Amino acid sequence: PKVQEFVEKCMAISGTRPNFFERNSADLLSMVAHVLENGAETRQEVLQDMREIKEWEGPAGTTVTWSDRGVAYVEYKVLKYLGNGEWEMIGESINET
């Protein structure tokens, strides 16, 4: 449901389905907004507060995690449309953002 909502919002704004970059941007920017709303004021505070979030589900429905090195990772699934409303998962990956 969350992914579908995100796709529908993007389509309403741009008329196109969101791509990989738009999805990642939405998820990571929602994290930035969260830490700013919770009091982070400097770059260092934003970075520190973001690193303290161990797992984040963004508006695009993907889960962002942080490595010990402070690198954000996003897991995604690759689906193939089979027709008649049927989908098949053909792969999954963890992508460094």
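Residues are classed as buried under 20% relative accessible area, as exposed over 50%, and as partly exposed in between. By this criterion Phe-20, with a relative accessible area of 32%, is partly exposed, whereas Phe-21 is exposed, at 61%. The structure analysed here is a predicted model. Two aromatic pairs occur in the structure. In one of them, Phe-20 and Phe-21 adopt an edge-to-face arrangement, with 5.4 Å from centre to centre and 80 degrees between the planes.

The confidence of the prediction was examined for the chain and for its elements. The mean pLDDT of the chain is 85, with 94% of the residues at 70 or more. Helix 3 (residues 43-52) has the highest confidence, at 91, and strand 4 (residues 86-96) the lowest, at a mean of 72.

Strand 2 (residues 63-66) pairs with strand 1 and with strand 3. Strand 1 (residues 55-57) runs antiparallel to strand 2 and is joined to it by three bridges; Glu-55 has Thr-65 of strand 2 as its bridge partner. Five residues separate the two strands in this hairpin, where Gly-61 takes a positive phi near 85 degrees. Strand 3 (residues 72-83) is likewise antiparallel to strand 2, again through three bridges, and Val-74 of strand 3 is the bridge partner of Val-64. The hairpin of strand 2 and strand 3 also has five residues between the strands, and Gly-70 adopts a positive phi near 85 degrees there. The two faces of strand 2 are distinct: Val-64 and Trp-66 form the covered face, while Thr-63 and Thr-65 form the uncovered one.

Both residues of the covered face, Val-64 and Trp-66, belong to the largest nonpolar core, which comprises eleven residues: Met-31, Val-35, Ala-40, Val-46, Met-50, Ile-53, Trp-56, Val-64, Trp-66, Ala-72 and Val-74. Helix 2, helix 3, strand 2 and strand 3 each give two or more residues to this core.

Within this core, Met-31 was considered individually. Met-31 lies in helix 2 (residues 20-37) and counts as buried because its relative accessibility is 0%. Leaving aside residues up to four places away in sequence, Met-31 touches Met-50, Ile-53, Trp-56, Val-64 and Trp-66, and these contact partners are also listed among the members of the core. Between Met-31 and Glu-45, the C-alpha to C-alpha distance is 13 Å at a sequence separation of 14 residues.

Key:
Residues are numbered from 1 along each chain as its sequence is written. This is a predicted model: local features need pLDDT of at least 70, side-chain atom pairs count only at pLDDT 80 or more; totals for chains, interfaces and linings use all residues. Side-chain values use heavy atoms; hydrogens and water are left out. Helices (H or I, at least four residues) and strands (E, at least two) are DSSP runs, numbered from the N terminus. Buried means under 20% relative accessible area, exposed over 50%, partly exposed in between (1.4 Å probe, protein chains only). Contact means heavy atoms within 4.5 Å. pLDDT is the predictor's confidence in each residue, from 0 to 100. Two strands pair if DSSP finds at least two bridges between them. A nonpolar core is a set of buried Ala, Val, Leu, Ile, Met, Phe, Trp, Tyr and Cys residues joined through side-chain atoms within 4.5 Å. Rings of Phe, Tyr and Trp (its six-membered ring) pair if their centres lie within 6.5 Å; planes under 30 degrees apart count as stacked, over 60 as edge-to-face and the rest as tilted.
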